[in-house]
Amino acid sequence: MTLKNVRLARAENLSQEIRKEFNLPSQGLIIIESLNPNLKQHFIAIKEGGIREYLKGKGDFLEADITD
Amino acid sequence: MITIIPSLEIMKAVVDNNISSPSSQLRRIAFDTATNLMSLGDIQILIEGILYDKLKHKLNDDHKTFFTSLYRIDNSAKDVTDYDITKAIKWIANSESNSRRVVIISENIKDYESICNDSIKCFSPPQFLGLVEKAQHYYKVKMFSTLEDSLIAVFFFD
């Protein structure tokens with residue numbers, strides 16, 4: 001499924017149903033993914049590896065040099 | 001209202017495949033911390049457009065969706081003759097500071113000294129992390145009613 005949009009949320013502001021369904025912690029940063037073609041929502045807790053690990057879960061970074 | 005602008009080396013640490021030094025780890029934590037702050041108040045991350053164009057070469061489509069959904073990509077200084085990323089960040093920080101307070105995170109804080117004032121500050125990753133921790137503590141002990149006020153106090157008036 002293709003990632004169409006991403007939002008940030010706090011686990012503490014989400015309903016218990018959502019926390020249970022997506023196995024989320026009671027506190028912390030959550031990424032809400034909107035996925036096509038079914039317009040599904042996925043809730044993902046950001047863990048110790050942070051944003052980098054989340055992104056790597058979407059595929060390796062491409063090989064390219066970044067210079068100023 | 002705070003806008004956080006990460007510099008090139010901060011973003012490189014987030015998307016490079018083989019960076020594992022302790023200082024890179026701090027840069028990544030600084031970026032994660034800034035993203036976390038976005039969920040706690042009126043705090044935005046702005047990625048300068050020339051920088052994002054370079055970053056894009058490392059990203060697949062899902063990565064790009066992530067960056068363009070969550071962060072403000074500012075192309076104001078793109079295509080301006082003789083502007084590199086540092087000059088572009090300085091120009092955007094000045095412009096942005098007319099409406100919001102601005103924090104630049106960079107290892108090379110001297111590059112931005114000339115534009116720092118009451119509304120623009122530049123911190124290294126360890127400085128930024130220390131100040132955020134301080135602000136969180138002040139908010140926790142109720143010195144400030146919101147985390148954002150606490151952040152403004154430690155970033156701009158400490």
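**Sheet in chain A**

I began with the sheet in chain A: three strands, in the order β1-β2-β3, make an open sheet with antiparallel pairing. I noted that β1 and β3 (40-45) of chain A sit at the edges with a single partner strand each, so one side of each has no neighbour in the sheet. From one strand to the next, I get a twist that averages 25°.

Then I looked up how β2 (residues 29-36) of chain A goes with β3(A): they pair in the antiparallel sense over six bridges. For one of the partners, I jotted down that A:L35 has A:K40 in β3(A) as its bridge partner.

**Confidence**

I should say here that this is a predicted model. I checked the scores, and they read ipTM 0.93 and pTM 0.95. For chain B, I find a mean pLDDT of 95, with 100% of its residues at 70 or more.

**Where A meets B**

Next I went to the interface, where 20 residues of chain A touch 26 residues of chain B. Which elements of chain A give two or more residues to that side? I found β1 (2-10) and α2 (50-56) of chain A. The largest share comes from β1(A), which gives seven residues. Sorting this side of chain A by class, I have 11 nonpolar, three polar and six charged residues.

**α1 and α2 in chain B**

I moved on to helix packing in chain B. Helix α1 (residues 8-15) and helix α2 (residues 22-38) of chain B pack at about 95°, and their axes are 8 Å apart. That angle makes α1(B) roughly perpendicular to α2(B), since 65 to 115 degrees counts as such. On the α1(B) side I listed B:E9, B:I10, B:A13 and B:V14, and on the α2(B) side B:S24, B:R27, B:R28, B:A30 and B:F31. By class, I put this contact down as five nonpolar, one polar and three charged residues.

**α6 and α7 in chain B**

My last lookup was helix α6 (residues 125-140) of chain B against helix α7 (residues 147-156) of chain B, whose axes come within 8 Å and cross at roughly 135°. Therefore I call α6(B) and α7(B) oblique to each other. Their crossing is right-handed.

Which residues of α6(B) meet α7(B)? I wrote down B:L131, B:K134, B:A135, B:Q136, B:Y138 and B:Y139. Facing them from α7(B) are B:L147, B:S150, B:L151, B:A153, B:V154 and B:F155. I sorted the contact of α6(B) with α7(B) into nine nonpolar, two polar and one charged residues.

How values were computed
Residues numbered from 1 in each chain as written. Chains lettered and ligands numbered in written order. Predicted model: local features only at pLDDT ≥ 70, side-chain atom pairs only at ≥ 80, totals over all residues. Axes fitted to C-alpha atoms, helices over the stretch in contact; angles between N-to-C directions. Helix = DSSP H or I, 4+ residues; strand = E, 2+ residues; numbered from the N terminus. Parallel < 35°, antiparallel > 145°, perpendicular 65-115°, else oblique. Left-handed = near helix turned anticlockwise from the far one by under 90°. Contact = placed C-beta atoms within 7 Å. Nonpolar A, V, L, I, M, F, W, Y, C, P; charged D, E, K, R; others polar. pLDDT = per-residue confidence, 0-100. Pairing = 2+ DSSP bridges.
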